[in-house]
Amino acid sequence: MQAGHNLEELDRIATRLRMHVVDMVAPSGQGYVLQGLGAADIFTSLYFAEATLDPANPDWPDRDRIFLTTAHNTAIFYATLAERGFFDTERLSTYVTDGSPLEINSSERMGPFVEATCGSLGQGLSVAVGCALAARRQGRARRVYVIAGDGEMQEGQIWEAAMLAGASGLDNLCLIVDYNFVQSEGPMDLVMSLEPLMDKMESFGFACQEVDGNDIGALLGAYDQARATRGKPSFIKANTLMGKGVASLEGLKFHQLRFPPEVAASARAELESRQ
């Protein structure tokens, strides 16, 4: 954990990120608000406590690399980058407006703190595996993290990349799956089940853990274990609750949520009450 942060402070940061998500999606009246609320604890734990980063020097060669391969889940991603100091939070108000680099799918047009353009699902892990291989060959200590979605794990390219990661023993690679049980066409188990996912990842050579993805302490413990693992890449199945933090939205399973002004205002007020 980075110096100066404790679990209570990290929880407050996660709440601020959720407030940003609500504010960013509200003007359009629909978007990936449920996913953003659900993933806020993953982003908080990774960007504010686990990864070695320098917002003042975003292309520092020895930084840890973080790939958001579910590149449409950008409200929480941009909110995290802004709160972490990579750019001013005022820019969040331009989210998905014409001409803004804060596009619905994140791209390298934003700057060097977006490690790869991953608009097509399934590609991010391949890029990350190459990055992890390069770090090992260069003798660099940096770690490579990937945030993927459960629906994305249905992509074939994910499994090709996972096969190479396991065969190469990339213990500097950590794949975190935001497992919210929904993909664009409906509930995961009704569209195409991934289970037994842990067994599958273990068979591909990963050291596997399953945690509550809305428990920052549990996530930090999983990162600790991943860093201590030798000879294998790490896989963290982080089970998250869509809409987490807003009682009226928790557990809703919509890929894109209709978000009328009164719902947004109520969600904002509920989150503000926790600050």
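Visitor: How much space lies in the second largest cavity?
Guide: About 50 Å³. Keep in mind that this is a predicted model.

Visitor: What makes that second space count in a search for cavities of 30 Å³ or more?
Guide: Set the value against the cut-off: the search takes cavities of 30 Å³ or more, and this cavity holds about 50 Å³, so it counts; a cavity is also a place where a 1.4 Å probe fits but cannot get out. The whole structure has two such cavities.

Visitor: Which residues line the second largest cavity?
Guide: Ile66, Phe67, Leu68, Phe77, Ser106, Val114, Glu115, Ala116 and Cys118. Strand β2, residues 65–68, gives the most, with three residues.

Visitor: How do the lining residues of that second cavity divide by class?
Guide: Seven are nonpolar, one is polar and one is charged. Glu115 is on the lining list, and Glu counts as charged, so that's where the charged one comes from.

Visitor: And how much space lies in the largest cavity?
Guide: About 90 Å³. Its lining includes Tyr47, Leu53, Arg63, Ile66, Phe86 and Glu115. By class, the lining has eight nonpolar, no polar and four charged residues.

Visitor: What makes four of the residues lining the largest cavity charged?
Guide: Asp, Glu, Lys and Arg count as charged, and the lining has Asp54, Arg63, Asp64 and Glu115 among its members.

Visitor: How do you know that glutamate 115 and arginine 63 meet in a salt bridge?
Guide: Their side chains come to 2.9 Å, N to O. The cut-off is within 4 Å, so the pair qualifies. Glutamate 115 sits in the loop between α3 and α4 and arginine 63 in the loop between α2 and β2, which puts the partners 52 residues apart.

Visitor: Why is glutamate 115 called buried?
Guide: Its relative accessible area is 19%, and buried means under 20%, so it makes the cut. Arginine 63 is at 9%, so it is buried too.

Visitor: What is the distance, N to O, in the salt bridge of arginine 18 and aspartate 41?
Guide: It's 2.6 Å. Arginine 18 lies in helix α1 (residues 7–25) and aspartate 41 in helix α2 (residues 33–50), so the pair ties together parts 23 residues apart in sequence. Both residues are buried.

Visitor: How many salt bridges does the structure hold?
Guide: There are 13. One of them joins glutamate 272 to arginine 268, with the closest N and O atoms 2.6 Å apart. Both residues lie in helix α9 (residues 261–272), four residues apart, about one turn of the helix. A network of salt bridges links Asp23, Arg268 and Glu272.

Visitor: Why does arginine 268 count as partly exposed?
Guide: Arginine 268 has 22% relative accessibility, and partly exposed runs between the 20% and 50% marks, so that's the class. Glutamate 272, at 43%, falls in that range, so it is partly exposed as well.

Visitor: What makes glutamate 160 count as exposed?
Guide: Glutamate 160 comes out at 58% relative accessibility; exposed means over 50%, so the label fits. Glutamate 160 belongs to helix α5, residues 156–168. Its C-alpha atom is 9.9 Å from that of glycine 122, which is 38 residues away along the chain.

Visitor: And serine 107: buried or exposed, and how do you know?
Guide: Buried: its relative accessible area is 11%, and the cut-off is under 20%, so the call follows. Serine 107 is in the loop between α3 (74–84) and α4 (124–138). Beyond its neighbours within four places in sequence, serine 107 is in contact with Val114 and Thr117.

Technical notes
Residues are numbered from 1 along each chain as its sequence is written. This is a predicted model: local features need pLDDT of at least 70, side-chain atom pairs count only at pLDDT 80 or more; totals for chains, interfaces and linings use all residues. Side-chain values use heavy atoms; hydrogens and water are left out. Helices (H or I, at least four residues) and strands (E, at least two) are DSSP runs, numbered from the N terminus. Buried means under 20% relative accessible area, exposed over 50%, partly exposed in between (1.4 Å probe, protein chains only). Contact means heavy atoms within 4.5 Å. On a 1 Å grid over the protein atoms alone, a cavity is a set of points where a 1.4 Å probe fits but cannot get out, and a pocket is an open set with protein on both sides within 12 Å along at least five of seven lines; lining residues have an atom within 4 Å of a point. Grid points are joined across faces, edges and corners, and a volume is the space filled by probe spheres set on the points.
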